[in-house]
Amino acid sequence: MAHIVVVGAGIVGLATAARLTRAGHVVTVLDKERAVATHQTGRNSGVMHSGLYYAPGSLKAAMAVAGQRSMLAFARERGIAARVTGKLVVASRPEQVEGLHTLAGRAVDNGVPAQLVDRAGAREKEPHVAGVEALWVSSTGIVDYPGVCRALADDVRDGGGRVALGARLVAARDTGSTVRVRVATDDGRSELRADALVACAGLQADRVARACEIEPEARIVPFRGEYFELTPAKAALVRGLVYPVPDPRFPFLGVHLTRTVTGCVHVGPNAVLALAREGYTWHDVVPADVADAFTWPGLWHLAARNLVPGSREVVRSLDRRAFARSVAELLPGVRAENLVPAPAGVRAQALRRDGRLVDDFLIQSTERQVHVLNAPSPAATCALEIAAHITEQLAL
Ligand SMILES: Cc1cc2nc3c(=O)[nH]c(=O)nc-3n(C[C@H](O)[C@H](O)[C@H](O)COP(=O)(O)OP(=O)(O)OC[C@H]3O[C@@H](n4cnc5c(N)ncnc54)[C@H](O)[C@@H]3O)c2cc1C
């Protein structure tokens, strides 16, 4: 039996902590916030992805199909709101059909149940959505991720562990026989001794790694995803999940329509550079975060390659009519007045020095430490699988 400190009470940290607890270890979870799931996990689309998009051979592809099943099973077992809705990926214009067919091939490679449907077939699934052709993916669903996190935190506590909220990791040092972890709370500073440390710190992952004397392979760049909610009359036109064909040059899936577990329909997220790691509006600006992003050569390489689409995203963020126009490609007739602002999320996207976005999950380990340095979508879907992977890496 070992004592393990897990940094981060998002879904990846809590799934790992619960798994380690089940394996008989004593776990202390630290999170700087006062509630679980405060950042990415509590501000996402709430979708259990099917595994459709990911490059064969990647961790994402390997974990998503299993992750969707294990997440659904966990939610059902614990009485957490979840539903398999299926999703429709829609080619709105003829030039998107080739991309749609590529996606259909990917589905076959990844073992995801998906079926191409013509315009009439698409209308059977979503009568009010416009498109020339579509891909119906039956296994995609929705779930209450914060609810999953609360259940996982209960498992840690019930197994004798601790979930310490308002507790920030300041630094950690591997002494060879133990990891000394310095923690700051409202009551001051203290030190914990652990046999191992697992860091799942999302938007702060690279900084936490450095604070633990691990040099991260990439830097986190925050991309905000803004959402609106459809007004009830328009929301009634959407049955489940409707996605555009993603642009293969970007890691994000494009603005989509999501009927959530609470019954409302969200549209979004877009993707704009955030001026604070935890910056949920344009008014949130943290100079140190801005400096961190703009002194990283990778950001300049990325910006140079994506000037036009990047500017378009900024316009779509600042002009609700532009946002409405992109939604109307999927759901004709949507106008700015049908969109009510909803809380945004910020994606922790790892970016390499040369400007390449880290596409797959990235986990860096030493003998006593595991750092999750890139866990973007579909990491919420895959959280129970990532937890199993981390547990294996720890070799306790
Ligand atoms: C807009 C958006 C939409 C998305 N949609 C989906 C989706 O539909 N389906 C899906 O599968 N995935 C989706 N994702 C991705 C998914 O939300 C993330 O992959 C997942 O939540 C990552 O979980 P995490 O635990 O790694 O990070 P987080 O949930 O961000 O948790 C990290 C935690 O670490 C804590 N922390 C940081 N630094 C410290 C420190 N020094 N000391 C203590 N605590 C610290 C933070 O407070 C935070 O609570 C989406 C993400 C976004 C942003």
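In this predicted model, 42 residues surround the ligand. Gly8, Gly10, Gly202, Gly345 and Ala379 are the closest. Four elements each give two or more residues to this shell: α1 (11-22), β2 (26-31), β10 (168-174) and β19 (339-351). By residue class, the shell holds 19 nonpolar, 17 polar and six charged residues.

**The six-stranded sheet**

Two of the elements around the ligand, α1 and β2, also belong to the next part of the picture. β2 is one strand of an open sheet of six, ordered β9-β2-β1-β13-β21-β20. The pairing is mixed. β9 (162-165) and β20 (362-365) stand at the edges. Each has a single partner strand, so one side of each lacks a neighbour in the sheet. Neighbouring strands are turned by 15° against each other on average, direction ignored.

Helix α1 packs on this sheet and touches β1 (3-7), β2, β13 and β21. The direction of α1 makes about 165° with that of β2.

**Two strand pairs**

Strands of a sheet pair through backbone hydrogen bonds, either parallel or antiparallel. Both arrangements appear in the pairs below.

| Strand pair | Direction | Bridges | Residues standing opposite |
|---|---|---|---|
| β13 (196-199) and β21 (369-374) | parallel | three | Leu197 and Gln369 |
| β10 (168-174) and β11 (179-185) | antiparallel | six | Arg168 and Ala184 |

β10 and β11 form a hairpin with four residues between them. Gly176, in the turn, has a positive phi of about 105°.

**The nonpolar core**

In soluble globular proteins, nonpolar side chains tend to be buried together. The largest nonpolar core here has 123 residues. Leu14, Leu197, Ala199, Ala383 and Ile386 touch the most other members. Leu197 is the residue of β13 that stands opposite Gln369 in β21. Leu14 touches Ala9, Val29, Val36, Cys149, Leu152 and Ala153, leaving aside residues up to four places away in sequence.

**Around Ala324**

Ala324 lies in helix α11 (residues 320-330). Ala324 has 20 other C-beta atoms within 10 Å, so this residue counts as buried; the cut-off is 20 or more. Beyond residues up to four places away in sequence, Ala324 touches Val334, Arg335, Ala336 and Leu339. Asn338 is 14 residues from Ala324 along the chain, and their C-alpha atoms are separated by 8.2 Å. One of the contacts, Leu339, falls within β19 (339-351), an element that gives two or more residues to the ligand shell.

Notes. Residues numbered from 1 in each chain as written. Predicted model: local features only at pLDDT ≥ 70, side-chain atom pairs only at ≥ 80, totals over all residues. Near = placed C-beta within 6 Å. Nonpolar A, V, L, I, M, F, W, Y, C, P; charged D, E, K, R; others polar. Pairing = 2+ DSSP bridges. Axes fitted to C-alpha atoms, helices over the stretch in contact; angles between N-to-C directions. Contact = placed C-beta atoms within 7 Å. Core = buried A, V, L, I, M, F, W, Y, C linked by C-beta atoms within 7 Å. Buried ≥ 20, exposed ≤ 12 C-beta atoms within 10 Å, placed from the backbone.
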